[in-house]
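User: Could you take a close look at one part of this model for me? I'd like the second largest pocket, what lines it, and how that lining ties into the rest of the fold.

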Amino acid sequence: MKKLLIFAVATALCAMSFACLSCKLEEEEKGWEGTKLVVSQWPENVTTVRLKADTSTFSLPLRNAGSMMASEYFSGNTVLTIEYDRLNDNEYGEYYGYGIRTDSQAPFKVFINGVEAENEVLSDKITLGNEEVEVNVITGSFKASFNVTGVKTVEVTFENAPEKILTKDIRLTDETIYAYIDTSALFENFKQISV
């Protein structure tokens, strides 16, 4: 009986020691701090918001509203990348892609800690004849660089959302020698149309 009592007391002490050790480990695990990315309202037509510093191998990717913290503080040049949805295979006839029309009445805007970020992604180009020409859309992603040194929390907010751009809404940036003709209504009565 005495041996059983000693065994029970020893087991209880071991269990308490293990519990205290695990509590201490959990506190130590939560003890690290680093740059925090916060997106409280998720915009439509966006798949990922990612923060990556030049000085770190670590990046912070969010795929829905919330926050994520790095294990270190970023410093120096940092790039915020916002990736847009992709079209389904059956949508490519009618739509060009998800993105921003430069002539939109409700353009997609991104704010980093309340300051509007400038998109560094260039306008798309298409081949017209043998020449590459710039069009009024920017698809694929939004990228903005900024200095994150001394910034502990990067809060990203949005105004509007990337659009699902109709192919018929694409226009050349330099339209001076081109005209647009919509022949879609003529296909109801004619088999072939040549312009």
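Analyst: Here's a walk from the pocket into the core and then along the strand beside it.

Keep in mind that this is a predicted model. For some background, the protein chain has 195 residues, of which 31% count as buried, and it is built with one helix and 14 strands. Among contacts between residues at least 6 apart in sequence, 70% join residues at least 24 apart.

Now the pocket. Its volume is about 170 Å³. One stretch of the lining is Pro107, Phe108, Lys109 and Val110, and another is Glu116, Ala117, Glu118 and Asn119. Ile100, Thr102, Ile138 and Phe142 are lining residues too. Sorted by class, that makes seven nonpolar, two polar and three charged residues.

Two of those names come up again once you go inside. Phe108 and Phe142 line the pocket, and both are also, along with Leu80 and Ile82, the residues with the most contacts inside the largest nonpolar core, which has 28 residues. Strands giving two or more residues to this core include β5 (77–84), β6 (95–101), β7 (109–112), β12 (141–147) and β13 (153–159). The largest share, though, is from β2, with four residues.

Phe108 is worth a stop of its own. Leaving aside neighbours within four places in sequence, Phe108 touches Ile82 and Phe142, plus Ile100, Pro43, Val46 and Tyr84. Phe108 is also in contact with Phe158, Glu159, Asn160, Ala161 and Pro162. Apart from the largest core there's another one, of six residues, with Val135, Val137, Ile165 and Leu172 among them.

Next up is β7, residues 109–112, which takes in the lining residues Lys109 and Val110. On one side, β7 runs antiparallel to β13, joined by four bridges; in that pairing, Ile112 has Val156 as its bridge partner. β7 also pairs with β8 (residues 115–116), again in the antiparallel sense, over two bridges. There, Phe111 stands opposite Glu116, and Glu116 is itself in the pocket lining. The β7–β8 hairpin has two residues between its strands, and in it Asn113 takes a positive phi near 50°.

So where does the lining meet the fold? Phe108 and Phe142 link the pocket wall to the largest nonpolar core, while Glu116 sits across from Phe111 in the strand pairing.

Definitions and conventions. Residues numbered from 1 in each chain as written. Predicted model: local features only at pLDDT ≥ 70, side-chain atom pairs only at ≥ 80, totals over all residues. Heavy atoms only, no water. 1 Å grid on protein atoms, 1.4 Å probe; cavity = no way out; pocket = protein on both sides within 12 Å on 5 of 7 lines; lining within 4 Å. Points joined across faces, edges and corners; volume = space filled by probe spheres on them. Nonpolar A, V, L, I, M, F, W, Y, C, P; charged D, E, K, R; others polar. Core = buried A, V, L, I, M, F, W, Y, C linked by side-chain atoms within 4.5 Å. Buried < 20%, exposed > 50% of the residue type's maximum accessible area, 1.4 Å probe, protein only. Contact = heavy atoms within 4.5 Å. Pairing = 2+ DSSP bridges.
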